[in-house]
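Trainee: I would like to learn how to read helix crossings and ring pairs in a model. Can we work through one case?

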Amino acid sequence: MNETAHDPIADTRRWLEKAVIGLNLCPFAKAVYVKEQVRFVLSDATTPEALLEQLAEELLLLRDTPAEQTDTTLIVHPQVLTDFLDYNDFLDNADAAVEALDLQGVLQVASFHPHYQFAGTAPDDASNYTNRAPWPTLHLLREDSVERAVAAFPDPDVIVERNIATLDKLGVEGWNRLLAGE
């Protein structure tokens, strides 16, 4: 995808609706989405440093905003860290920002990227698609919301296994059609 032909926020909403919620990849996403508690931020950062600054601002904003208003934030950053290895390296900086802001145990950063690849997997391995979004995205989550959601789910480890089976069945072509809105 290129940013002149697509709206990164619209693409991310479609991914959230069709893949994350539609395929039930995250059984906790629907509740906050339908209650409009997901904040979508389109970053104009063009350097990792600018993105890190924006990440810190969004972490503080989420900390200071009631969960009933905004429970989670997706920072979509189409102009920086488009290379997955650079993105993956940046995640250490994201975790350091959480620590520097004294937010460990309060907020966490989850990662999504169009070329996400878990260590030891082939690029087209279905398990990688569990963390693939149309654009590089940092997902800010409240630890207490994650704990409540996991506690309410009888066996959270089943989610990963089910997701891999779902994506194996869907295949890469099916995934691409789904994100294209077909």
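Trainee: What is the handedness of the crossing where α3 passes α4?

Mentor: A crossing is left-handed if the near helix is turned anticlockwise from the far one by less than a right angle, and right-handed if clockwise. Here α3 passes α4 in a right-handed crossing. The contact (heavy atoms within 4.5 Å) involves P48, L51, L52, L55 and L59 of α3 with F90, N93, A94, A97 and V98 of α4. Bear in mind that this is a predicted model, where local features need pLDDT of at least 70, side-chain atom pairs count only at pLDDT 80 or more, and totals for chains, interfaces and linings use all residues. Residues are numbered from 1 along each chain as its sequence is written, and side-chain values use heavy atoms, with hydrogens and water left out.

Trainee: How is a pair of aromatic rings described?

Mentor: By the distance of the centres and the angle of the planes. Rings of Phe, Tyr and Trp (its six-membered ring) pair if their centres lie within 6.5 Å; planes under 30 degrees apart are stacked, over 60 edge-to-face, the rest tilted. The count here is six aromatic pairs. In one of them, Y129 and W175 meet edge-to-face, 5.4 Å centre to centre with 70° between the planes.

Trainee: Which parts does that pair tie together?

Mentor: Y129 lies in the loop between β3 (107-112) and β4 (137-142) and W175 in helix α6 (residues 157-179), so the pair ties together parts 46 residues apart in sequence. Both Y129 and W175 are buried (under 20% relative accessible area, 1.4 Å probe, protein chains only).

Trainee: Where are rings linked into a cluster?

Mentor: Ring pairs join F84, Y87, Y116 and F118.

Terms used:
Helices (H or I, at least four residues) and strands (E, at least two) are DSSP runs, numbered from the N terminus. Buried means under 20% relative accessible area, exposed over 50%, partly exposed in between (1.4 Å probe, protein chains only).
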